[in-house]
Amino acid sequence: MSLLPEVAFSTQNHKVTRVGLGGEGVLRTFGREAEAREVILSALNQGITYFDTAPAYSGSQNYLGSVWKENPEARAGIFQTSKSAERSYDRAMLDLEQSLQTLGSESLDLWQIHDLRSMEEMHRLEAADGALQAFVRAKEEGLVRHIGVTGHHDPRVLELCVQNWPLDSVLLPCNPVETLLGGFLDTVAERAKAKDMAVIGMKCLGAGYYIQPQSGVTTEKLLKYALDSNVDLIIGGCSGPQEVRTLAQALREPAMTENERRQMESLFRPNMQKLGFYRGKL
């Protein structure tokens, strides 16, 4: 096993690799067990310890759970996350119960409020019967070790959550477009770090749309850009073992120079509003 450099997660002494296997790619499918298993085992072989999933990601939890149930020693050494997009207490707790059962785990290392988009959703979560109370209780009862929030639509919403909620992490978009648009990688990330929260990067490749080798924008460069940004770790979905190796290799490459980062950003600047499509404002 080729172990990657590690970073302390949140305020605890648990170590996770600075790259994680995302719940997208082949994991966000149904009926592709052999391919999904190959990707998961490849991540383990590369020394990756952070594994992302969510009920919304098709068969992702089932794929991971089947591997962990066959390899309990592997599960003991990894950092397993999941999420819930439910906004009520009862439905979020049901999500957690089902996730634990599917993953074959007694607890999660990180449970995240999934895909928060608006102030209205935030207020619903904060209500007496809102899902935020489920997350807090789950941590108090030891069903989860850490709790977090994820979002890629409105940085103002995520900023308020980071300021006001008892969170351990925030998952946000991390790529050249985000540096140009501002909000997530500066304001939200800085407020999170000031509160000793882990900052996790996603959307590093723009769902693959940012990869333009003819312009010098490669997968490898986008991953390096993200890793060298204001985040503690990044996650990426993979379609096969080669993509897993590329993800892991990014952490072994030297950091980008400031000039290289500015050159990358210049390629995205002319169309940055359109390229921020995942913010949902087109």
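I counted two residues as in contact when their heavy atoms lie within 4.5 Å. The model I examined is predicted.

**Entry 1: A226**

I began with A226, which lies in helix α10. Leaving aside neighbours within four places in sequence, I found A226 in contact with C174, C204, V231 and I234. I then asked whether A226 is buried or exposed. Its relative accessible area is 0%, so A226 is buried. I also looked up the distance from A226 to G201. The two are 25 residues apart in sequence, and their C-alpha atoms are 7.2 Å apart in space.

**Entry 2: R124**

I turned next to R124, which has its place in helix α5, residues 119–126. I recorded a relative accessible area of 32% for R124, which is therefore partly exposed. With neighbours up to four places away in sequence left aside, R124 is in contact with R87, S88, D129 and G130. I noted that R124 and D129 also meet through their side chains in a salt bridge, at 3.0 Å from N to O. I looked up the accessibility of the partner as well: D129 stands at 44% and so counts as partly exposed. For a pair in space, I chose R124 and S99. They are 25 residues apart along the chain, and their C-alpha atoms are separated by 22 Å.

**Entry 3: Salt bridges**

How many salt bridges does a search of the whole structure find? I noted 18. Besides the bridge of R124, I looked up several others.

- I found the side chains of E141 and R137 joined in a salt bridge, with 2.6 Å from N to O. E141 is partly exposed because its relative accessibility is 45%, and R137 is partly exposed because its relative accessible area is 39%.
- I found a salt bridge between the side chains of E86 and R91, with 3.0 Å from N to O. E86 has a relative accessibility of 23% and therefore counts as partly exposed.
- I recorded a network of salt bridges that links R75, D109 and R145.

**Entry 4: Helices α2 and α4**

I looked up how helix α2 (residues 60–70) and helix α4 (residues 89–103) are placed. Their axes come within 7 Å and cross at roughly 45°. The two helices are therefore oblique to each other. Which residues of α2 meet α4? I listed Q61, N62, L64, G65, W68 and K69 on the α2 side, and S99, Q101, T102 and L103 on the α4 side. By character, the residues of this contact divide into 3 nonpolar, 6 polar and 1 charged.

**Entry 5: Nonpolar cores**

In soluble globular proteins, nonpolar side chains tend to be buried together. I therefore looked up the cores of this model, and the largest nonpolar core has 65 residues. Which residues have the most contacts inside this core? I noted F51 and W165. Helix α4 contributes the largest share of the core, 6 residues.

I then listed what W165 touches, not counting residues up to four places away in sequence. The list holds I113, L116, M122, L125, E126, L132, V149, L160, K195 and M197. Apart from the largest core I found another, of 10 residues, among them V217, M264, F268 and Y278.

**Entry 6: Positive phi at D115 and K203**

I looked up two residues for their backbone angle. D115 has a positive phi of about 55° although it is not a glycine. I located D115 in the loop between β6 (110–113) and α5. Is D115 buried or exposed? Its relative accessible area is 17%, and buried means under 20%, so D115 is buried.

K203 is likewise not a glycine and has a positive phi of about 55°. I located K203 in the loop between β9 (198–202) and α10 (219–227). K203 is partly exposed because its relative accessible area is 28%.

Definitions and conventions:
Residues numbered from 1 in each chain as written. Predicted model: local features only at pLDDT ≥ 70, side-chain atom pairs only at ≥ 80, totals over all residues. Heavy atoms only, no water. Axes fitted to C-alpha atoms, helices over the stretch in contact; angles between N-to-C directions. Helix = DSSP H or I, 4+ residues; strand = E, 2+ residues; numbered from the N terminus. Parallel < 35°, antiparallel > 145°, perpendicular 65-115°, else oblique. Nonpolar A, V, L, I, M, F, W, Y, C, P; charged D, E, K, R; others polar. Core = buried A, V, L, I, M, F, W, Y, C linked by side-chain atoms within 4.5 Å. Buried < 20%, exposed > 50% of the residue type's maximum accessible area, 1.4 Å probe, protein only. Salt bridge = Lys/Arg side-chain N within 4 Å of Asp/Glu carboxyl O.
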